[in-house]
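Here is a friendly walk through a protein model for anyone who likes to start from the fold and work down to the side chains. Have the viewer open and follow along.

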Amino acid sequence: MDVPAYTPEDTEVPGGEIVVERASSPLEIGPKLNRTAADVVRFLMQQGEMVTATQSLTDDMIELFAAEVGAQVRLVDPGEEQEAELQKLLGFDESEGEVVDPSVEESWPLRPPVITVMGHVDHGKTKLLDQIRSANVVDGEAGGITQHIGAYQASHAGQVITFIDTPGHEAFTAMRARGATATDIVVLVVAADDGVMPQTIEAINHARSADVPIVVAVNKVDRDNADPQRVLQQLSEHELIPESWGGDVVTVELSALQNIGVDDLLDNLLIVSEVENLRADPSGRAKGVVLESHLDIGRGPVATVLVQSGTLNVGDPMVAGAAWGRVRALINEHGEKLNSAGPSAPVEVLGLSDVSEAGDEFVIAPSEKVASRVAGAREHWNRQSNLGRDSSATASGAKLEDIFEQIKAGETTTLNLILKADVNGSLEAVTESLRKLERDDVKLAFVHRGVGGITENDIQLASASNATILGFNVRPNRKARELSEVEQVEIRTYEIIYKLLEDIESAMLGMLAPEFEEVVTGEAEVREVFRVPRIGAVAGCLVQSGVITRGSRVRFLREGTVIWNGEVTSLKRFKDDAREVQAGYECGIGLSDFQDLKDGDIIETFEEREIERT
């Protein structure tokens, strides 16, 4: 087909730099450069590129046409320019929040510190919060605090302290992943009779990831087998050196159950906050962060927000992520309606158009019209971004393949890792072996190391800290796998240590071998174990996902840890042999050479496909 020759017209292109969004179509680019979509299509066809007027163009195509017509263009990601324009519309310039005149900041009043309590399950977090909360309930208030809003304020020594009372790890990671910071100080609760446990280590790593000071509360010192000094020793092994040992970590011994030492903890929190010199400007339009949000049948979308600067008032037009609305009501943790809320105050907000996400920042707009326009644009670009998501471009976690490219570019790079193993011995062995692989241009940073299966919390932490997850003799559960796909976090699991080390070393050399993509084909939970003469143990199972097929390769998991590999030798539906059993159905599974079956174990079938690296 003959293509009509394209000749640049005399029509001048706009002067100066023209902003063009990546992946724009000829229909969108033409008018910006005083040309028609047909001009763009005709020119690109002459260059051998067969495109249509509505097709998304590559960066090279856009720049090529711009050079042809003599235009100077700047390519931006979809929504980038709109967001900058909208921020100006809201009255915030790009430097706001980053560069503040120290003398101006010092003139701002002190604000209450925001505290998050974290630690291992059953170490007394809830009891400690209950003691602090109950000491601040107005005497005679019916039923104590009337509702739970995920955060509350307490008074001590005439000063106010804000506590974020949400599941600590989830709150941290959700906010870190969105670049939001809500916590000033973390209180790490460790039981004196139990010591440092896996979730304690997770909490330490989450606090470090958020770069906030840690105050250690050694709880349950009233118990007969309490050993606070052993706890301090264990903490020092994780680089938390107590002040009494010459370090900088404040530690407080207490008993939340007996209400001993709680006041001492609050005293120390006020001292640490004084050192941190936490200040905020209470004047002007409010800004802050959404702590949690839900849809209430009677009240509509409800967001619990933390005001970080300015003052939030009833009637203010608010934008929170892609939601907007006029603030209809502000409610505190006592269920009381407020007219306004200042810095560090947590309140429920009613009146938004939609449910926001934890970690979304909120701002008060000059008018409802502006708020609506901002939220509408954000929703549009969020939708566009999700539709056109390219996993390689938007991955949150680090990829091993990327490391060599950074080395080749002459960058000193750090590979962030989350390492999970079946037992402590394996964990230490893998850690030490990996450390020996470090070079001058590649450093390894262990964001978190732990024993046990790969969980959703590990995925969230990897997403927030740009880390790759390595599993040795452990596996992700189904929910963790699904979340890793959403968050684009890379999980690599191994059962042979030299394979793990080989992959890391090969990544540094840019020589990763072809990868085997493992596809989990089915997952069944053992509900009952039958002993059959001459056959042995048979697992009565419920297939939870996928399809269980006779002859499949199988991995046997107990609490996320791989304890056996083999294959499905027999598969029955009731008394009949079956070739496969779908999700939602019960079946009997016989495994080759494995008899140690227990209720609650997981049988995971899988297949491997080889993927050539590009």
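The sections below go from the whole protein to its core, its sheets and its salt bridges.

## The whole protein

Please keep in mind that this is a predicted model. The protein holds 17 helices and 30 strands. Of its 614 residues, 47% count as buried. The exposed surface comes to about 30000 Å², and carbon and sulfur atoms supply 47% of that area.

How do the contacts spread along the sequence? Among contacts between residues at least 6 apart in sequence, 72% join residues at least 24 apart.

## The largest nonpolar core

A good place to begin zooming in is the largest nonpolar core, which has 24 residues. Those with the most contacts inside this core are Leu128, Ile132, Phe163, Val187, Leu265 and Leu269. At least two core residues come from each of strand 3 (114-119), helix 6 (125-134), strand 4 (151-156), strand 5 (159-164), strand 6 (185-191), strand 7, strand 8 and helix 10 (262-276). Which element gives the largest share? That is helix 10, with six residues.

Leu265 makes a handy starting point in the viewer. Setting aside neighbours within four places in sequence, Leu265 is in contact with Leu128, Val187, Val215, Ala217, Val252 and Leu254.

## A β-α-β unit

Strand 7 (residues 214-219) and strand 8 pair in the parallel sense, with four bridges between them. Within this pairing, Val216 stands opposite Thr251 of strand 8. Together with helix 9 (residues 228-236), the two strands make a right-handed β-α-β unit.

Which side chains of strand 8 are buried? Along this strand (residues 250-253) the side chains alternate. Val250 and Val252 point to one face and are buried, whereas Thr251 and Glu253 point to the other face and are not.

## An open sheet of eight strands

Further along the sequence, eight strands form an open sheet with antiparallel pairing, in the order 13-12-18-9-10-17-14-15. Strand 13 (323-326) and strand 15 (337-338) stand at the edges with a single partner strand each, so one side of each has no neighbour in the sheet.

Inside this order, strand 10 (residues 300-309) and strand 17 (residues 346-350) run antiparallel and are joined by five bridges. If you would like a residue pair to look at, Thr304 stands opposite Glu348 in strand 17.

## Salt bridges

A search of the whole structure finds 22 salt bridges. One of them joins Asp39 and Arg42, with the closest N and O atoms 2.9 Å apart. These two residues are three apart in helix 2 (residues 37-46), so about one helical turn separates them. Asp39 has a relative accessible area of 3%, so this residue is buried, whereas Arg42, at 24% relative accessibility, counts as partly exposed.

Other salt bridges reach across the sequence. Glu106 and Arg279 meet through their side chains at 3.6 Å, N to O. Glu106 lies in helix 5 (residues 102-107) and Arg279 in the loop between helix 10 and strand 9 (287-296), so this pair ties together parts that are 173 residues apart in sequence. Glu106 counts as partly exposed at 46% relative accessibility, and Arg279 counts as partly exposed at 23%. Glu368 forms a salt bridge with Arg326, where the closest N and O atoms are 2.9 Å apart. Because Glu368 lies in helix 11 (residues 368-387) and Arg326 in strand 13, this pair ties together parts that are 42 residues apart in sequence. Glu368 is partly exposed with a relative accessible area of 32%, and Arg326 is partly exposed with 38%.

## A charged network and Ser545

Which residues are linked in a network of salt bridges? They are Arg475, Arg478, Arg481, Glu495, Glu523, Arg555 and Glu604.

Two members of that network, Arg478 and Glu523, also turn up among the contacts of Ser545. Leaving out neighbours within four places in sequence, Ser545 is in contact with Arg478, Thr521, Gly522, Glu523 and Ala583. Ser545 is found in strand 24 (residues 536-549). Is Ser545 buried or exposed? At 18% relative accessibility, Ser545 counts as buried, because the cut-off for buried is under 20%.

Conventions
Residues are numbered from 1 along each chain as its sequence is written. This is a predicted model: local features need pLDDT of at least 70, side-chain atom pairs count only at pLDDT 80 or more; totals for chains, interfaces and linings use all residues. Side-chain values use heavy atoms; hydrogens and water are left out. Two strands pair if DSSP finds at least two bridges between them. Buried means under 20% relative accessible area, exposed over 50%, partly exposed in between (1.4 Å probe, protein chains only). Contact means heavy atoms within 4.5 Å. A crossover is right-handed if, with the strands pointing away from the viewer, the path from the first strand over the helix to the second runs clockwise. Accessible areas come from the Shrake-Rupley method with a 1.4 Å probe; for residues, only the protein chains shown count as cover. A nonpolar core is a set of buried Ala, Val, Leu, Ile, Met, Phe, Trp, Tyr and Cys residues joined through side-chain atoms within 4.5 Å. A salt bridge is a side-chain nitrogen of Lys or Arg within 4 Å of a carboxyl oxygen of Asp or Glu.
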